[in-house]
Amino acid sequence: MDDPNKDLAKYIAIVVRNAMEDFHAEHLSDEQMKELNPIIRNGIYTALHAMLKEDRTEQDNQFMEFNNRLIPDYWEEPVLIEEYTDLFGKKAL
């Protein structure tokens with residue numbers, strides 16, 4: 001059975017990867033990026049799998065709660081990336 005979350009994970013991962021392009025160009029070799037890409041994809045897929053399963057188990061909930069507790073207090077709130085917001089010009093999002 002195909003898992004639609006795999007396609008969703010790939011979509012999210014390519015948005016993350018594209019948002020990292022300047023960082024990649026300045027700080028990471030293509031080999032490092034090649035190693036990092038599947039780590040990002042697999043992490044996103046795992047998070048989606050735990051969150052979106054129809055038959056979510058207590059173990060899924062524990063995994064999510066554990067990872068939520070690991071989010072540092074100092075992390076800034078997420079914002080929409082410029083490549084996306086630029087598409088809308090002055091229109092409200």
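**View 1. T46 is partly exposed, with a relative accessible area of 38%.** Before you zoom in any further, keep in mind that this is a predicted model. T46 is found in helix α3. Why does T46 count as partly exposed? Its 38% lies between the 20% that ends "buried" and the 50% that starts "exposed", so T46 gets the in-between label. Now look from T46 to D60: the two are 14 residues apart in sequence, and their C-alpha atoms are 10.0 Å apart in space. D60 itself is buried, with a relative accessible area of 11%.

**View 2. D60 and K53 form a salt bridge.** Stay with D60 and find K53. The closest N and O atoms of this pair are 3.0 Å apart. Why does that count as a salt bridge? The cut-off is 4 Å, and 3.0 Å is within it, so the pair qualifies. Are the two partners buried or exposed to some degree? D60 is buried because its 11% is under the 20% limit, whereas K53, at 24% relative accessibility, is partly exposed. In general, side chains of opposite charge can pair when their charged atoms come close.

**View 3. R17 and E21 meet through their side chains in a salt bridge.** How far apart are N and O here? The distance is 2.4 Å. Check the accessibility of each partner too. R17 comes in at 19%, so it lands under the 20% limit and counts as buried. E21 has 31% relative accessibility and is therefore partly exposed.

**View 4. Helix α1 holds both partners of the K10 and D7 salt bridge.** The side chains meet with N and O 3.7 Å apart. Where do the partners sit along the chain? K10 and D7 are 3 residues apart, about one turn of the helix. K10 is partly exposed, with 48% relative accessible area. That value is still short of the "over 50%" needed for exposed, which means K10 keeps the middle label. How many salt bridges does the count come to? The count is 3.

**View 5. The largest nonpolar core has 7 residues.** Which residues should you look for? They are A9, A13, M20, M33, I40, I44 and L48. Helices α1 (4–19) and α3 (30–52) are the elements that give two or more residues to this core. Of these, α3 gives the most, with 4 residues. Here's the wider idea: in soluble globular proteins, nonpolar side chains tend to be buried together.

**View 6. A nonpolar patch lies on the surface.** Its members are L8, Y11, I14, V15, M51, L52, L80, I81, Y84 and L87, and together they have about 940 Å² of accessible area. The elements that give two or more residues to this patch are α1 and α3. Which element supplies the largest share? That is α1, with 4 residues. Try picking out L52, which lies in helix α3. L52 is partly exposed, at 43% relative accessible area. Patch members need over 30%, so L52 passes that part of the test.

**View 7. D22, E26, E82, E83 and D86 form a negative surface patch.** Helices α2 (21–27) and α5 (82–85) are the elements that give two or more residues to the patch. Take E83 as your example: it is found in helix α5. E83 has a relative accessible area of 54%, and that is over 50%, so E83 counts as exposed.

**View 8. P4 and H49 are 45 residues apart in sequence.** How far apart are P4 and H49 in space? Going from C-alpha to C-alpha, you get 9.8 Å. P4 lies in helix α1. P4 is exposed, with 61% relative accessible area.

**View 9. E35 and E77 are 27 Å apart in space, C-alpha to C-alpha.** In sequence, 42 residues separate this pair. You'll find E35 in helix α3. Its relative accessible area is 56%, so E35 is exposed by the "over 50%" rule.

Terms used
Residues numbered from 1 in each chain as written. Predicted model: local features only at pLDDT ≥ 70, side-chain atom pairs only at ≥ 80, totals over all residues. Heavy atoms only, no water. Patch = residues over 30% accessible without salt bridge, like charges linked within 9 Å, V, L, I, M, F, W, Y side chains within 5 Å. Areas by Shrake-Rupley, 256 points an atom, 1.4 Å probe, with all protein chains shown as cover. Lys, Arg positive; Asp, Glu negative; His and termini not counted. Charge placed at Lys NZ, Arg CZ, Asp CG, Glu CD. Buried < 20%, exposed > 50% of the residue type's maximum accessible area, 1.4 Å probe, protein only. Core = buried A, V, L, I, M, F, W, Y, C linked by side-chain atoms within 4.5 Å.
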